[in-house]
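Colleague: I should be grateful for a close look at one part of this model, set against the chain as a whole. Please begin with the overall make-up and then turn to individual positions.

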Amino acid sequence: MTDTGGPAERELGQDRPTLAPTGAQVRRWRRYLADERAEGAVYRDLASRRTGEEREILLALAEAERRHEDHWRELLGDHVGRPLRGAWRTRILGWLARRFGSVFVLALAQRAEARSSYGTDDDATSAMAADERIHGEVVRSLATRGRNRVSGMFRAAVFGANDGLVSNLALVLGIGATGVAPQTVLFTGVAGLLAGALSMAAGEYVSVRSQRELLEASMPDPEAEQAIPHLDVDANELALVYRARGMGAAEAAEHAAEVLRDQDTPRRTTPGAQDYEAIGSPWHAALSSFAFFGSGALLPVLPYMFGLSGVAAVVAATAVVGLALLATGATVGILSGAAPLRPALRQLAIGYGAAGVTYVLGLAFGTTVT
């Protein structure tokens with residue numbers, strides 16, 4: 001590899017090779033160029049689905065990728081050749097960005113930025129390596145905004161679907177292992193689906209409704225503001241309110257004095273949209289939980305609906321639920337910005353472990369009955 005000089009020279013752009021690049025260098029540079037093109041396209045596609053500040057940030061990221069493109073194009077010179085396709089991960093990102101533009105794409109983009117090899121490549125400038133590192137943090141912050149917006153729905157979706165998968169698979173396998181008729185297993189599975197979905201919906205409604213009521217109870221009484229103009233300025237009882245909310249004595253006195261001086265300034269004393277957004281709607285949470293639990297609990301019953309019985313039904317139900325568990329685990333991993341394989345395998349192990357225990361118990365109970 002050509003000597004490219006120290007970090008200072010690289011920062012000043014004096015990292016251009018004085019000799020013709022090797023074949024390995026040309027291939028690597030062309031791959032970098034293709035990846036930068038593809039990543040820039042991803043950010044532009046995401047920006048087309050955003051407005052305001054998020055759109056500006058994504059377009060700025062795309063512009064940074066264009067600068068990186070220029071670096072590799074300048075190094076390649078006459079060796080640029082026909083444009084290559086970006087890495088398959090980046091192409092998938094682009095496809096998702098064009099069709100969905102969701103937080104999952106940002107989470108995947110965060111991982112893509114973290115995989116950059118510029119920090120160990122002498123042909124990339126130190127500024128480029130630093131850019132990629134900072135890009136990862138920018139995308140992480142954008143993804144966090146999206147995670148906050150979907151956190152309530154996502155929790156209900158993952159928890160509901162996973163609970164339906166595991167609990168109904170365990171129920172179906174446990175009952176089926178006792179040797180009862182396939183029709184009995186089917187009816188038991190359907191009953192478990194309905195009972196579990198209704199229970200989940202009721203629980204989510206009560207939980208979210210209670211959270212909202214606690215939020216409302218914790219907010220200041222709007223009518224209390226009407227007493228502020230009549231307070232004794234010297235005694236300043238208002239300072240006690242702020243001390244009760246956790247302020248120190250001096251800070252509370254200063255804040256109370258500001259409020260008394262600025263009595264005409266409107267203050268928010270009731271829960272705002274952002275407060276409720278973090279909790280969600282009780283009806284939305286209930287319906288989501290019912291739907292997600294029901295969809296998960298339906299899968300273990302499908303083989304019996306299609307007339308399978310015995311070992312064939314058990315194997316089919318276990319396989320279908322296993323695929324669904326892998327999918328939900330991988331989804332959790334992607335959204336959290338982690339590699340999807342480990343969460344997927346963890347979800348599969350937990351689900352199969354619970355179902356396996358009930359199946360063994362069902363076999364023991366069936367043997368005892370006979």
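Modeller: The protein chain has 14 helices and zero strands. Read from the N terminus, its elements therefore run α-α-α-α-α-α-α-α-α-α-α-α-α-α, since helices and strands are the elements assigned here. Please bear in mind that this is a predicted model.

Of the 370 residues in the protein chain, 38% count as buried. The accessible surface of the protein chain amounts to about 20400 Å², and carbon and sulfur atoms contribute 61% of that surface. Among contacts in the protein chain with a separation of 6 or more, 75% are between residues 24 or more positions apart.

Within this setting, Glu69 deserves the close look. Glu69 lies in helix H3, which spans residues 52-76. Its relative accessibility is 9%, and Glu69 therefore counts as buried, because the cut-off for that class is under 20%. When residues up to four places away in sequence are not counted, Glu69 touches Leu33, Glu36 and Arg37.

Leu323 offers a second position to set beside Glu69. Leu323 is placed in helix H13, which covers residues 310-335. At 60% relative accessibility, Leu323 counts as exposed, because that class begins over 50%. Along the chain, Leu323 and Ala344 are 21 residues apart; the distance between their C-alpha atoms is 9.5 Å.

In summary, Glu69 in helix H3 is buried, whereas Leu323 in helix H13 is exposed.

Technical notes
Residues are numbered from 1 along each chain as its sequence is written. This is a predicted model: local features need pLDDT of at least 70, side-chain atom pairs count only at pLDDT 80 or more; totals for chains, interfaces and linings use all residues. Side-chain values use heavy atoms; hydrogens and water are left out. Helices (H or I, at least four residues) and strands (E, at least two) are DSSP runs, numbered from the N terminus. Buried means under 20% relative accessible area, exposed over 50%, partly exposed in between (1.4 Å probe, protein chains only). Contact means heavy atoms within 4.5 Å. Accessible areas come from the Shrake-Rupley method with a 1.4 Å probe; for residues, only the protein chains shown count as cover.
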